[in-house]
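Reader: Hey, I've just opened this one and I'm new to it. Can you walk me through a few spots?
Author: Sure, ask away.

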Amino acid sequence: MSAPEAATNSATASLPDDTFVSDASLRPQFFEWLCRMGDNALILGHRTSEWCGHGPVLEEDIALANTALDLIGHTQMWLGLAGEVEGEGRDADKLTYLRDAMKFRNLLLVELPKGDMAVTIMREFLFDAYHHLMLSWLAENSKSPRVAEIAAKTLKEVSYHLDRASDLVVRLGDGSAESHRRMQEAMDLLWPYCGEMFAGDEIDAAMSDAGIAPNLDDLQTGWDAAVRDLFDEATLKMPDQGGFAHKGGKQGRHTEHLGFILAEMQFLQRAYPGATW
Amino acid sequence: MTKKEWPLWEVFIRGQHGLNHRHVGSLHAPDAEMAINHARDVYTRRKEGVSIWVVPSRDITASSPSEKGPLFDPAESKTYRHPTFFDIPDEVGKM
């Protein structure tokens with residue numbers, strides 16, 4: 001098989017042995033955690049796709065649409081594995097189109113409305129900085145070969161997302177008076193939603209104990225440093241550490257915004273179950 | 001009305017190792033680094049390249065179409081200037 005074929009057929013190619021996938025004792029927690037990974041990519045991908053055809057310039061429009069497509073691709077891998085672990089015959093499509101809002105496990109940060117470009121780019125950066133650290137750890141250290149494989153595959157795209165978002169945060173933060181003001185406002189709006197990324201619960205503890213996922217406290221140190229460095233460069237003021245953090249998305253308690261996303265995203269499969277084209 | 005536009009950049013992409021960079025089009029970007037990012041997103045989505053060059057369009061000096069005659073016509077009917085009278089060994093490959 002030639003190299004390009006190998007790449008496109010990897011879904012059907014032989015997958016690494018992974019005892020975690022069939023480990024019944026860990027099944028509920030592993031499934032939940034995989035839904036968190038997949039739902040973050042799915043909901044942020046959907047939010048980002050809302051710019052398609054509405055970008056401020058052609059080049060940004062295409063770049064955002066590319067980013068959205070990358071994230072939807074990641075969703076297919078994470079939720080595909082989630083369905084496999086669950087073992088009830090649900091694939092990535094079923095999990096995406098036929099779950100209710102309370103069953104979604106994404107961070108509140110990624111479901112907030114797209115706002116202006118400042119909010120969109122700032123959120124992308126804040127999430128990418130976390131996503132990049134998470135995937136780097138998983139690709140290198142996860143004891144689940146399937147998780148490590150997905151992480152390694154998605155990390156390349158997320159590295160580019162982080163580079164691109166960082167470049168834009170610096171340019172807009174250290175740009176005109178208006179772009180600086182908007183970026184600072186975006187930061188102040190989004191900051192209280194960042195704490196949830198590192199607020200571990202019993203699912204995170206179980207994954208960390210099993211060696212599948214990292215200890216979130218360890219990730220936070222790297223994230224704080226990366227965000228502070230970039231904010232210095234972008235002449236943006238970092239909000240005070242600690243403080244109030246909105247939480248609940250990881251456990252299924254969402255803002256009112258998620259329902260509207262799902263209404264749009266799930267309409268077709270709900271109205272015409274099983275429809276294909 | 002004066003609307004501030006980003007400057008225009010010409011994009012060159014090397015399709016594979018050993019080939020030259022080829023002009024593929026142009027785009028707008030605020031600076032060189034963002035121009036590379038945009039070129040990656042606009043022109044290499046389907047794995048078209050291994051290397052990207054971007055050049056500010058304003059730095060390109062072009063020949064004037066009205067000078068086409070003096071520039072190019074003298075080369076007409078001088079077939080001896082074409083290297084078509086040599087046998088090129090197969091091993092040379094693409095030229």
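**Helix H9 and its surroundings**

Author: Let's start with H9 of chain A, whose buried residues are covered by, among others, helix H2 (27-49) and helix H10 (216-233) of chain A. Keep in mind that this is a predicted model.

Reader: OK, which residues of H9(A) are buried?
Author: In helix H9 (residues 202-209) of chain A, the buried ones are Ile203(A), Asp204(A), Ala206(A) and Met207(A). They span an arc of only 160° around the axis, so they sit on the same side of H9(A).

Reader: And what's on the other side of H9(A)?
Author: Glu202(A) and Asp209(A) are there, and they are exposed.

Reader: What caps the N-terminal end of H9(A)?
Author: Asp201(A) does: one of its side-chain oxygens lies 3.0 Å from the backbone nitrogen of Ile203(A).

Reader: Which residue with a positive phi follows the helix?
Author: That's Gly211(A), with phi near 80°.

Reader: You mentioned H10. Take Asp229(A), is that buried or exposed?
Author: Asp229(A), which lies in helix H10 of chain A, is exposed, because its relative accessible area is 55% and the cut-off for exposed is over 50%.

Reader: How far apart are the C-alpha atoms of Asp229(A) and Ala82(A)?
Author: They are separated by 35 Å, with the two positions 147 residues apart along the chain.

Reader: What about the loop between H10 and H11 of chain A, which residue should I look at there?
Author: Try Thr235(A), which lies in that loop, ahead of helix H11 (257-271). Thr235(A) has a positive phi of about 55° although it isn't a glycine. With a relative accessibility of 41%, Thr235(A) counts as partly exposed.

Reader: Switching topic: where is Asn106(A)?
Author: In the loop between helix H4 (92-97) and helix H5 (108-111) of chain A.

Reader: Buried or exposed?
Author: Asn106(A) is buried, at 0% relative accessibility.

Reader: So what does the side chain of Asn106(A) make a polar contact with?
Author: With the side chain of Glu111(A), at 2.8 Å.

Reader: Which residues is Asn106(A) in contact with, leaving aside neighbours within four places in sequence?
Author: Besides Glu111(A), the contacts are Asp39(A), Asn40(A), Ile43(A), Gly249(A), Lys250(A), His254(A) and Leu258(A).

Reader: Now the two chains. How many residues of each are in contact?
Author: 12 residues of chain A are in contact with 12 residues of chain B.

Reader: And what area is buried between chain A and chain B?
Author: About 1200 Å², with carbon and sulfur atoms giving 50% of that. In chain A, the residues losing the most area to chain B are Glu59(A), Tyr160(A) and Arg171(A), together 49% of what that side buries.

Reader: How many salt bridges are there between chain A and chain B?
Author: Two. One of them joins Arg171(A) and Asp31(B), where the closest N and O atoms are 2.5 Å apart. There are also nine residue pairs in polar contact between the chains, counting pairs with both residues at pLDDT 80 or more.

Reader: Which helices of chain A supply at least two residues to the side that touches chain B?
Author: Helix H3 (58-86) and helix H7 (145-173). H3(A) gives the most, with six residues.

Reader: Last one: what classes of residue make up that side of chain A?
Author: The side of chain A that touches chain B has six nonpolar, one polar and five charged residues.

Methods:
Residues numbered from 1 in each chain as written. Chains lettered and ligands numbered in written order. Predicted model: local features only at pLDDT ≥ 70, side-chain atom pairs only at ≥ 80, totals over all residues. Heavy atoms only, no water. Contact = heavy atoms within 4.5 Å. Buried area = accessible area lost by both parts, 1.4 Å probe. Salt bridge = Lys/Arg side-chain N within 4 Å of Asp/Glu carboxyl O. Polar contact = N/O pair within 3.5 Å; in protein donor to acceptor, adjacent residues only side chain to side chain. Helix = DSSP H or I, 4+ residues; strand = E, 2+ residues; numbered from the N terminus. Nonpolar A, V, L, I, M, F, W, Y, C, P; charged D, E, K, R; others polar. Buried < 20%, exposed > 50% of the residue type's maximum accessible area, 1.4 Å probe, protein only. Arc of directions from axis to C-beta.
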